[in-house]
Amino acid sequence: QVQLVESGGGLVQPGGSLELSCKGSGFTFSSFAINWYRQAPGKGRELVAGIKTDGIRNYKDFVKGRFTISRDNAKDTVYLQMNDLKPEDTAVYFCNAERFQYLDDRSYWGQGTQVTVSS
């Protein structure tokens, strides 16, 4: 069955780094754009970064210059390198795979991984 599994979250001090991973299975990973979203306590889910099938990346302004998204289709995995973390980056981070195809749009979600930035 389709699965997206995030890993790499944890507790880190302000200014620290973490690398999140998102591994897909049960679908053609390379045919999907992969996005990272996050949801902080009491807030809605927001897009953080995305990478398309052709490798084009996009970032929300609040992570530009600090986060880097990359993909390894041979490993069916997308990474989110997070540097210079701030307390406001604290959230559950979710991986999303999406594909838009005539009459057959698909969107899959992982279960999330907690990132806590605190001293």
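Biologist: How many salt bridges does a search of the whole structure find?

Modeller: The model is a predicted one. Side chains of opposite charge can pair when their charged atoms come close. One such pair is Asp61 with Lys64, whose closest N and O atoms are 3.2 Å apart. A search of the whole structure gives a total of seven.

Biologist: Which residues are linked with Arg38 in a network of salt bridges?

Modeller: Arg38 pairs with Glu46, and the closest N and O atoms of the two are 2.8 Å apart. That salt bridge belongs to a network in which Arg38 is linked with Glu46, Arg66 and Asp89.

Biologist: Is Arg38 buried or exposed?

Modeller: The cut-off for a buried residue is a relative accessible area under 20%. Glu46, the partner of Arg38 in a salt bridge, has 32% and is therefore partly exposed. Arg38 has a relative accessibility of 6%, so the residue counts as buried.

Biologist: What is the N to O distance in the salt bridge of Asp104 and Arg106?

Modeller: Asp104 is partly exposed because its relative accessible area is 24%. Arg106, at 34% relative accessibility, also counts as partly exposed. Their side chains meet in a salt bridge with an N to O distance of 2.9 Å.

Biologist: Which side chain of opposite charge is nearest to Arg71?

Modeller: Arg71 is placed in strand β7, which covers residues 67–72. Arg71 is buried and has no salt bridge. A salt bridge requires a nitrogen and a carboxyl oxygen within 4 Å, whereas the nearest side chain of opposite charge is 7.3 Å away and belongs to Asp54.

Biologist: Which backbone oxygen does the side chain of Arg71 reach at 3.1 Å?

Modeller: The contacts of Arg71, not counting residues up to four places away in sequence, include Phe29, Phe32, Ile51, Lys52 and Val78. Its side chain reaches the backbone oxygen of Ile51 at 3.5 Å. The backbone oxygen reached at 3.1 Å is that of Lys52.

Biologist: Why does Thr90 count as buried?

Modeller: Thr90 lies in the loop between β8 (77–82) and β9 (91–99). Not counting residues up to four places away in sequence, Thr90 touches Ala40, Pro41, Gln114, Val115, Thr116 and Val117. Thr90 counts as buried because its relative accessibility is 19%.

Biologist: Which backbone nitrogen does the side chain of Thr90 reach?

Modeller: A polar atom of the Thr90 side chain lies 2.9 Å from the backbone oxygen of Pro87. The side chain of Thr90 also reaches a backbone nitrogen at 2.9 Å, and that nitrogen belongs to Val117.

Biologist: How many strands does the protein chain have?

Modeller: From the N terminus on, every element in the run is written as β. The chain has zero helices, and its strands number 11.

Biologist: What radius of gyration does the protein chain have?

Modeller: The C-alpha trace spans about 45 × 25 × 25 Å along its principal axes. For 119 residues, a compact globule would have a radius of gyration near 14 Å. The chain agrees with that expectation, having a radius of gyration of 14 Å.

Biologist: What percentage of the area exposed by the protein chain do carbon and sulfur atoms supply?

Modeller: Buried residues make up 40% of the 119 residues in the chain. The area that the chain exposes is about 6,400 Å². The part supplied by carbon and sulfur atoms is 47%.

Key. Residues numbered from 1 in each chain as written. Predicted model: local features only at pLDDT ≥ 70, side-chain atom pairs only at ≥ 80, totals over all residues. Heavy atoms only, no water. Helix = DSSP H or I, 4+ residues; strand = E, 2+ residues; numbered from the N terminus. Buried < 20%, exposed > 50% of the residue type's maximum accessible area, 1.4 Å probe, protein only. Lys, Arg positive; Asp, Glu negative; His and termini not counted. Polar contact = N/O pair within 3.5 Å; in protein donor to acceptor, adjacent residues only side chain to side chain. Contact = heavy atoms within 4.5 Å. Rg over C-alpha atoms; globule rule 2.2 N^0.38 Å. Areas by Shrake-Rupley, 256 points an atom, 1.4 Å probe, with all protein chains shown as cover.
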